[in-house]
Amino acid sequence: MSDLKPDLLTYFRQLSEEEPVLILNRTLSPETEVNNENVIRLSVLESKVQHCTLCELAKTRLNVVFGTGDPQARILFIGEAPGADEDRQGEPFVGRAGKLLNRILKAMNLERHQVYIANILKCRPPGNRDPNPDEAAACLPYLTQQIEFIQPDVIIALGKVAALKLLDMPPNTPVKSLRGRIFDYLGHPFVVTYHPAALLRNPGFKAPLWEDMQMVMKLLAGEIEWKPDSEQTLL
Ligand code: URA
């Protein structure tokens with residue numbers, strides 16, 4: 001990460017006028033029991049997915065990369081698919097893009113364990129090629145169940161593959177055209193931003209990504225009102 005100048009965190013801190021403060025702990029309510037059951041369901045699902053053979057990627061993977069973080073997180077990040085580092089370690093976003101994601105989280109006053117991080121695919125496509133439609137179709141029900149059990153207050157699609165797959169948009173749709181909008185995905189607010197790997201290639205995406213994260217923080221703080229089945233354009 002030493003090649004990233006200026007340091008992203010400092011950069012983000014300079015961009016925001018004040019330290020972002022996020023209330024992350026859900027308040028205890030009668031729903032607590034349901035939440036606890038969902039934590040167990042998520043863990044049962046994880047055990048099941050570890051043995052998945054629904055697509056050809058099962059033959060080449062080293063590890064299934066189910067997802068990581070707080071099973072009751074308010075924020076769910078969704079990336080594309082594990083790369084070589086993730087395949088080796090069995091955890092999403094642990095390589096260069098992941099280190100940058102950690103710094104983005106820090107700039108939001110968050111740690112990895114306070115959010116949940118998953119991918120469209122749970123297994124690495126050889127050579128890091130894009131997920132093919134069959135693989136994505138086989139894997140998507142796992143993600144849908146993760147969303148059902150986590151019940152996040154916001155879902156953030158990191159990059160084109162996650163955004164277009166989940167919003168069912170044509171392949172030539174630019175990420176830029178989806179930013180600044182709050183979509184509905186399975187009843188949850190759904191926001192699109194650039195993939196951290198795209199930021200590594202193009203530092204010009206840093207400021208728009210930070211703008212997107214500020215929108216997310218306002219949404220979580222209740223400063224932006226959102227209703228299911230609606231789509232809002234804010235930026
Ligand atoms: N890129 C992704 O989209 N997901 C990962 O887990 C790692 C890199």
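This passage describes the ligand site, the largest pocket and the largest cavity of a predicted model.

Because the model is predicted, local features need pLDDT of at least 70 and side-chain atom pairs count only at pLDDT 80 or more, while totals for chains, interfaces and linings use all residues. Residues are numbered from 1 along each chain as its sequence is written, and side-chain values use heavy atoms, with hydrogens and water left out.

It is convenient to start with the ligand. Gly79, Glu80, Ala81, Glu86, Pro92, Phe93, Asn119 and His195 surround the ligand, a residue being near when one of its heavy atoms lies within 4 Å. By class, this shell holds 3 nonpolar, 3 polar and 2 charged residues; Ala, Val, Leu, Ile, Met, Phe, Trp, Tyr, Cys and Pro count as nonpolar, Asp, Glu, Lys and Arg as charged, and the others, Gly among them, as polar. Polar contacts, meaning pairs of N or O atoms within 3.5 Å, can be listed for individual shell residues. A nitrogen atom of the ligand lies 3.0 Å from a backbone N or O atom of Ala81, and a polar side-chain atom of Asn119 lies 2.8 Å from a nitrogen atom of the ligand. On the side of His195, a side-chain N or O atom is 2.8 Å from an oxygen atom of the ligand. Of the 230 Å² of accessible area that the ligand has on its own, the protein covers 90% (Shrake-Rupley method, 1.4 Å probe).

The ligand takes up space in the largest pocket; a molecule sits in a pocket if more than half of its atoms lie within 2 Å of the grid points. On a 1 Å grid over the protein atoms alone, a pocket is an open set of points with protein on both sides within 12 Å along at least five of seven lines, a cavity is a set where a 1.4 Å probe fits but cannot get out, and lining residues have an atom within 4 Å of a point. The largest pocket holds about 650 Å³ of space. Its lining counts 32 residues, with Glu80, Ala97, His195, Ala197 and Arg201 nearest the centre, and divides into 16 nonpolar, 8 polar and 8 charged. Helix α8 gives the most to this lining, with 4 residues.

Turning to enclosed space, the count comes to 1 cavity of 30 Å³ or more, and the largest cavity has a volume of about 100 Å³. Its lining has 15 residues, and Cys52, Cys55, Leu57, Cys123 and Cys139 are the closest to the centre. Here α6 supplies the largest share, 4 residues.

Key:
A polar contact is a pair of N or O atoms within 3.5 Å; within protein, one must be able to donate a hydrogen and the other to accept it, and residues adjacent in sequence count only if both atoms are side-chain atoms. Grid points are joined across faces, edges and corners, and a volume is the space filled by probe spheres set on the points. Helices (H or I, at least four residues) and strands (E, at least two) are DSSP runs, numbered from the N terminus.
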